[in-house]
Structure formats: C-alpha cells, structure tokens
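This report introduces a single structure to a reader who has not met it before. Please examine the sequence and the structure shown below.

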Amino acid sequence: MLVLGVIIGAIAMAVLSPIPILGPIIAGFTAGLIAGGIGRGILAGFLSGTIDGIFAGIIFTTIGGFLGNILGGFQGAALGGILGAVIGGGVFISTLYFGFLGLVGGIFGGLLRPRRK
C-alpha cells in the first residue's frame with residue numbers, strides 16, 4: 001500500500017499544491033491514510049512531495065533547453081538550459097517545502113489509519 005499511497009499522494013500534491021500550506025498537507029494526509037501507519041505515512045507523504053519537485057525541476061530545465069535551441073541554436077540551448085537550472089534551484093527549495101508539509105500530513109494520515117499486523 002506504500003507505493004499506492006505515494007502515487008496517489010503525488011497526484012494529489014500536483015492538484016492541491018496551488019493551495020498554500022494546506023494543499024500539500026492534505027495531499028500528504030491522503031498518502032499517509034492510504035499507506036497506513038505512522039512510519040509509512042511519513043514516508044509516503046514525504047515522497048509524494050519530493051517526487052513532484054523532482055519532476056518540476058526536470059521539466060523546467062528541459063523546456064528551457066528546448067526554447068533556447070529553437071530561439072538561438074546551440075548557444076541559446078546552453079543559455080536556456082542554464083536558465084532552466086537556475087529556475088530548477090528554486091524548485092529544489094519548493095521540493096523541500098512540499099516534502100516537509102507532505103510529511104506533516106502523512107503523520108496525521110498514518111495516525112488515523114494504524115497499520116494492520
């Protein structure tokens with residue numbers, strides 16, 4: 001159930017992340033509820049937040065490189081990739097933000113649905 005919790009939590013994180021603070025906590029709560037148990041809930045909530053941040057960093061860097069290549073050849077692609085990486089640095093900070101808030105929500109979700117033995 002941990003993998004399912006992470007997948008559903010990542011989808012919920014992508015949808016709810018525009019809602020400040022409460023959105024990532026709700027997504028982490030959902031992941032923790034599906035995973036069951038405090039330990040699994042923490043892990044599922046944290047992973048669902050970090051997965052979204054990793055995908056965002058990859059997407060920003062790739063789009064920057066493609067746009068730079070279209071607009072300015074090889075030099076433009078390098079410049080676009082660097083710009084995407086700089087934007088991706090901001091994504092790293094937001095990855096920590098979403099991961100931490102997902103972790104908090106995962107704690108509550110895991111508490112609500114204890115792990116079966």
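What span should the 15 residues of helix α1 (residues 2-16) have at 1.5 Å a residue, and how far apart are the end C-alpha atoms of α1? The expected span, taken as 1.5 Å times one less than the number of residues, is 21 Å, and the end C-alpha atoms are 20 Å apart, which agrees. Within α1, the residues G5, V6, G9, A10, A12 and M13 are buried (under 20% relative accessible area, with exposed over 50% and partly exposed in between; 1.4 Å probe, protein chains only). Helices are DSSP runs of H or I with at least four residues, numbered from the N terminus.

This is a predicted model, in which local features need pLDDT of at least 70, side-chain atom pairs count only at pLDDT 80 or more, and totals for chains, interfaces and linings use all residues. Residues are numbered from 1 along each chain as its sequence is written, and side-chain values use heavy atoms, leaving out hydrogens and water.

The predictor's confidence in each residue is given by pLDDT, from 0 to 100. Over the chain its mean is 83, and 92% of residues reach 70 or more. The lowest and highest element means are listed here.

| Element | Mean pLDDT |
|---|---|
| α3 (lowest) | 80 |
| α2, residues 22-35 (highest) | 92 |

Y97 lies in helix α3. Y97 is partly exposed, at 34% relative accessible area. Leaving aside residues up to four places away in sequence, Y97 touches P20, I21 and P24 (contact means heavy atoms within 4.5 Å). The C-alpha atoms of Y97 and I87, 10 residues apart along the chain, are separated by 16 Å.

Terms used: Helix = DSSP H or I, 4+ residues; strand = E, 2+ residues; numbered from the N terminus.
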